[in-house]
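User: Please take a close look at a single part of this model. I would like to know how it is placed, what it pairs with, and which charged contacts lie around it.

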Amino acid sequence: QVQLVESGGGLVQAGGSLRLSCAVSGSLFSLDAMNWYRQAPGKQRELVAIILRGDKTVYADSVKGRFTISRDNAKNTVYLQMNSLKPDDTAVYYCAANRRFGGTPDYWGQGTQVTVSS
C-alpha cells in the first residue's frame, strides 16, 4: 500500500516562495506518475503539475513558469517549488500518485494548506 504525506504549506506574502514536499511510502519507481493538485475554496480541484518516469513534467497554464515539480528518488520524495506566489494560488495542495498513466490518481495525501496574502 502506498501512503503519501504532504508538508511545507503555510502563510506567505504575494511574491514569495514555498516548497511543498510529498513523502512516499514506497519507491517512486513503482509509480508511473506523481501529481500535485490544488483546491481553492468554492472551486473544483485543479491539476497543477505532473512528473513522469524520466522526469518529464507537465504544468497547468496557471502555474507554468512559476512552479517546478521534482523528485528525489533516494528520499522517495516529490517536491513542488512555488515561486512568485499570488493570492490566487491560495488552496489546499494535494500530492497524488498513479500506478499507471491516465485516469484518476490511485493514491492521495491528506493535503497541506497554502495561503498567499496580498
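Analyst: The part chosen is strand 4, residues 33–39, and six of its seven residues are buried. Buried means under 20% relative accessible area, exposed means over 50%, and partly exposed lies in between, using a 1.4 Å probe and protein chains only. Strands are DSSP runs of E with at least two residues, and helices are runs of H or I with at least four, both numbered from the N terminus.

This is a predicted model, in which local features need pLDDT of at least 70 and side-chain atom pairs count only at pLDDT 80 or more, while totals for chains, interfaces and linings use all residues. Residues are numbered from 1 along each chain as its sequence is written, and side-chain values use heavy atoms, leaving out hydrogens and water.

Strand 4 has two partners to describe. Pairing here requires that DSSP find at least two bridges between the strands. With strand 5, residues 46–52, strand 4 pairs in the antiparallel sense over six bridges, and Trp36 stands opposite Ala49 of strand 5. These two strands form a hairpin with six residues between them, and Gly42 in the turn has a positive phi of about 75 degrees. With strand 9, residues 91–98, the pairing is also antiparallel and runs over seven bridges; here Tyr37 stands opposite Tyr94. In a regular strand, side chains alternate between the two faces of the sheet.

Next come the charged contacts. A salt bridge is counted when a side-chain nitrogen of Lys or Arg is within 4 Å of a carboxyl oxygen of Asp or Glu, and the whole structure has six of them. Arg38 forms a salt bridge with Glu46, the closest N and O atoms being 2.9 Å apart. Arg38 is buried at 7% relative accessibility, whereas Glu46 is partly exposed at 28%. Both residues belong to a network of salt bridges that also links Arg66 and Asp89.

Another salt bridge joins Arg53 and Asp32, with the closest N and O atoms 2.0 Å apart. This pair links distant parts of the chain, 21 residues apart: Asp32 is in the loop between strand 3 (18–24) and strand 4, and Arg53 is in the loop between strand 5 and strand 6 (57–59). Asp32 is buried, with a relative accessible area of 5%, while Arg53 is partly exposed at 38%.

For contrast, Lys64 and Asp61 form a salt bridge with closest N and O atoms 3.2 Å apart, and both of these residues are exposed.
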